[in-house]
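Colleague: Got a minute to walk me through this one? I'd like to know what holds the fold together before I set anything up.

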Amino acid sequence: MADRPRVWVVHWGMPVADSGSMRTLHLLRHFARSAETTLMDIAPEPSSQPVPTGENWRYRHEGRRLPDISSLWRRVAPDRWARARSLIADEYVRAARASGVDLLMFSVWPLVPSPGSRSDHKTPLVVWDGDSFSTYHETRSKARSVRPVLRLHSRWLTARYRNFERRLAEGVDQITLAGPRDVEPLRRISSTPVAWIPNEVEQVRRSPAAMPTYDFGFLGSGWAPNVDGMRWFLRVVWPEVVAARPQATLAVAGNIPVEAAPGVVTLGRVPDKGDFYSSVSGVVVPVDYGSGTQQKLLETAELDLPIYTTGFGKDSTGLAHLVCLRNEDEWVAQLVSHVDGARPTVGRSEIRTAGAGVRDLLGRLP
């Protein structure tokens, strides 16, 4: 391996902070510390945003139009969708090989090379990076949703996605995923090496003089995992909490639609997360799937508040400070105790960065 290996990261658009592409931005920064790193932007139009100031990676606009099919066919026949995109991914493998690139990372799903594209060549090392659960495992989680139609639909899709992802994994040398629990589903269905490279977020901090107004708070967008989670919480858990403790209060912030319920206050968008968390004495994250859950929970590591979440939330991040509640009875009992003032001891979590994972990847280069 050369002193400064060459890395291409294939992505859609310019990654920016405070967005779904923030993971790619952090990976670029870590790669650029020890490698000549180029972002290959395959969005049809070049980004209107410049490369952020101080970055030492390069930007190259490729201007691709990815083959697509209807959302129905995408669900019923995912292989057809991926096969059309693999032709573009194969082109990047050949171009990277011809250009002497040492590592080629795809962070557009499911833009993955076909299994035969790499042949017996040792370079480039081809990596598929994802910021969420495998679709197979996420679909299993959705199968527990409170919506019957989604529950039945998800159970039907689970086997199809499992086989689909097994074939996708055969086209790369390495898979990198954002959470420790993300790794296991793919390890069970594929022999391709899978590694955990955690997401990085900016920590939210409360005011030292915080005077909580509400017992609990939830902050989130109108994305499906948040909507499903809060619908279940407000229909199943919250009525039992209020029946036991009528004075209990819950503040909901963000553009998530919620049903009216006793003790629930809807705040809409809030200008400062820190101020919102200063107004609550506990946080609920009753979400069972979705990559944004990890971001939300990682932000809470230094809040010094009890953070109540699901088994998915706890297992997908590995954070020690989270209070894991795995069923309705545990949720109700813990929240009633919280209202009574019997609150769990809040621990501190050690937040891992993506740097070690990136160094491990570069260490695999010949």
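Modeller: Sure, let's go through the overall make-up, then the cores, then one helix pair.

Modeller: Bear in mind that this is a predicted model.

Colleague: Okay, how many helices and strands does the chain have?

Modeller: There are 12 helices and 13 strands.

Colleague: And what share of the residues is buried?

Modeller: Of the 366 residues, 53% count as buried. As for contacts between residues at least 6 apart in sequence, 66% of them join residues at least 24 apart.

Colleague: Which residues have the most contacts inside the largest nonpolar core?

Modeller: Those are F233, W238, L250, Y277, V284 and L335, in a core of 44 residues. Helix α7, residues 224-244, gives the most to this core, with eight residues.

Colleague: Tell me about L250. What does L250 touch?

Modeller: Leaving out residues up to four places away in sequence, L250 touches F216, G217, F218, M230, F233, L234, W238, G263, V264, V265 and V284.

Modeller: Apart from the largest core lies another one, with 29 residues, including L104, L168, L177 and L186.

Colleague: Switching topic: at what angle do α1 and α12 cross?

Modeller: Roughly 55 degrees, and the axes of α1 (residues 22-32) and α12 (residues 355-363) come within 9 Å. That angle is why α1 counts as oblique to α12. The crossing is right-handed.

Colleague: Which residues make that contact?

Modeller: From α1, L27, H30 and F31; from α12, G355, V358, L361 and L362. Five of the contact residues are nonpolar, two are polar and none is charged.

Methods: Residues are numbered from 1 along each chain as its sequence is written. This is a predicted model: local features need pLDDT of at least 70, side-chain atom pairs count only at pLDDT 80 or more; totals for chains, interfaces and linings use all residues. Side-chain values use heavy atoms; hydrogens and water are left out. Axes are lines fitted to C-alpha atoms, for helices over the stretch in contact, and angles run from 0 to 180 degrees between N-to-C directions. Helices (H or I, at least four residues) and strands (E, at least two) are DSSP runs, numbered from the N terminus. Angles under 35 degrees count as roughly parallel, over 145 as roughly antiparallel, 65 to 115 as roughly perpendicular and the rest as oblique. A crossing is left-handed if the near helix is turned anticlockwise from the far one by less than a right angle, and right-handed if clockwise. Contact means heavy atoms within 4.5 Å. Ala, Val, Leu, Ile, Met, Phe, Trp, Tyr, Cys and Pro count as nonpolar, Asp, Glu, Lys and Arg as charged, and the others, Gly among them, as polar. A nonpolar core is a set of buried Ala, Val, Leu, Ile, Met, Phe, Trp, Tyr and Cys residues joined through side-chain atoms within 4.5 Å. Buried means under 20% relative accessible area, exposed over 50%, partly exposed in between (1.4 Å probe, protein chains only).
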